[in-house]
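Student: I would like to learn how to read a structure like this one, feature by feature. Could you take me through it slowly, with the general idea before each case?

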Amino acid sequence: MKRRSALAALGGIALAGCGFELRRAPELRFRSIALAGFKPKSTLADELRRQIGTSTTTVVVETPTQAQVVLEALTDAREKSVVASTAFGQVRDLQLRSRFGFRLRTPQGRELIPATEILLSRDMSYSESAALAKEQEEEALYRSMQNDIAAQVLRRLASVPAL
């Protein structure tokens, strides 16, 4: 029992000494942000709201007139293309792409981040015998790309100088 306690304490000391720290939301230099141009019930907008909500300095407001900055969605698209097929025309591999274009501006129209596009892609094997499972895998990959896009957008927002 003492040996386990000693090993646990040693592991805790090693982690503390190496500088390990949980990842947290980037510090944004503005107090409020509005999300504009997103489709109704956009899952990407919901993910951005959630990740910005973890910030202690910034809140998401509903209208651009209330906000200090406006994140404007220019494109938000999912694409799927066949990468490989058999001689019989059966799909073997797919490539999934998630594309998000945005810009950041003040409500008065001053551009803080010019039009920027983030494009992520993932490859996925496909089998007609496991179509339902592959559909669920596809949705999980799109969700993962969406989380990555939201994290990249937050890092870019954190690079904006104080207003």
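Tutor: What follows goes from the overall fold to a pair of helices, then to aromatic rings and a few single residues. Please keep in mind throughout that this is a predicted model.

Student: Let me begin with the whole chain: how many helices and strands does the secondary structure come to, and what pattern does the chain follow along the sequence?

Tutor: The secondary structure comes to 3 helices and 5 strands, and, read along the sequence, these elements follow the pattern α-β-α-β-β-β-β-α. Of the 163 residues in the chain, 33% count as buried, while the chain exposes about 10400 Å², of which carbon and sulfur atoms supply 53%.

Student: Among contacts between residues at least 6 apart in sequence, what share join residues at least 24 apart?

Tutor: That share is 69% in this chain.

Student: How should I read two helices that pack against each other, and what are the values for helix 2 and helix 3?

Tutor: Two packed helices are described by the angle between their axes and by the distance between those axes. Here helix 2 and helix 3, the latter spanning residues 131-158, pack at an angle of about 50 degrees, and their axes are 9 Å apart. An angle that is neither under 35 degrees, nor over 145, nor from 65 to 115 is called oblique, and helix 2 and helix 3 are therefore oblique to each other. The crossing of helix 2 and helix 3 is right-handed. On the side of helix 2 the contact is made by Thr43, Leu44, Glu47, Leu48, Gln51 and Ile52, and on the side of helix 3 by Gln146, Asn147, Ile149, Ala150, Ala151, Val153 and Leu154.

Student: Glu47 appears in that list; is Glu47 buried or exposed?

Tutor: Glu47, which is found in helix 2, counts as buried because its relative accessibility is 10%, and the cut-off for buried is under 20%. Leaving aside neighbours within four places in sequence, Glu47 is in contact with Gln146, Asn147 and Ala150, and these three residues are among those that helix 3 brings to the contact with helix 2.

Student: Now the aromatic rings: how is a pair described, and how many aromatic pairs does the count come to?

Tutor: A pair of aromatic rings is described by the distance of the centres and the angle of the planes. The count comes to 2 aromatic pairs. Phe38 and Phe100 form a stacked pair, with 5.8 Å from centre to centre and 20 degrees between the planes. This pair links distant parts of the chain, as Phe38 lies in the loop between strand 1 (32-36) and helix 2 (43-53), whereas Phe100 lies in strand 4 (residues 91-105), 62 residues apart. Phe100 and Phe102 also form a stacked pair, at 5.5 Å centre to centre and with 15 degrees between the planes.

Student: Which residues form one aromatic cluster, and are Phe38 and Phe100 buried or exposed?

Tutor: Phe38, Phe100 and Phe102 form one aromatic cluster. Phe38 and Phe100 are both buried, and Phe102 is buried as well.

Student: Which residues does Ile113 touch, and where is Ile113 placed?

Tutor: Ile113 is in strand 5, residues 111-125, and it counts as buried because its relative accessibility is 11%. Not counting residues up to four places away in sequence, Ile113 touches Phe102, Arg103, Leu104, Arg156, Leu157 and Val160, so that one of its partners, Phe102, is also a member of the aromatic cluster. The C-alpha atoms of Ile113 and Ser159 lie 9.5 Å apart in space, although these residues are 46 apart in sequence.Student: What can be said of Arg78 in strand 3, and which residues does Arg78 touch?

Tutor: Arg78 counts as partly exposed because its relative accessibility is 41%. Not counting residues up to four places away in sequence, Arg78 touches Thr43, Arg97, Glu139, Tyr142 and Gln146, and among them Thr43 and Gln146 also take part in the contact of helix 2 with helix 3. The C-alpha atoms of Arg78 and Ser98 are separated by 4.6 Å, with their positions 20 residues apart along the chain.

Student: Finally, what is the phi of Lys41, and where does Lys41 lie?

Tutor: The phi of Lys41 is near 60 degrees, a positive value in a residue other than glycine. Lys41 lies in the loop between strand 1 and helix 2, and it counts as exposed because its relative accessibility is 81%.

Note on methods
Residues numbered from 1 in each chain as written. Predicted model: local features only at pLDDT ≥ 70, side-chain atom pairs only at ≥ 80, totals over all residues. Heavy atoms only, no water. Phe/Tyr/Trp six-rings, centres within 6.5 Å; stacked < 30°, edge-to-face > 60°. Helix = DSSP H or I, 4+ residues; strand = E, 2+ residues; numbered from the N terminus. Buried < 20%, exposed > 50% of the residue type's maximum accessible area, 1.4 Å probe, protein only. Contact = heavy atoms within 4.5 Å. Areas by Shrake-Rupley, 256 points an atom, 1.4 Å probe, with all protein chains shown as cover. Axes fitted to C-alpha atoms, helices over the stretch in contact; angles between N-to-C directions. Left-handed = near helix turned anticlockwise from the far one by under 90°.
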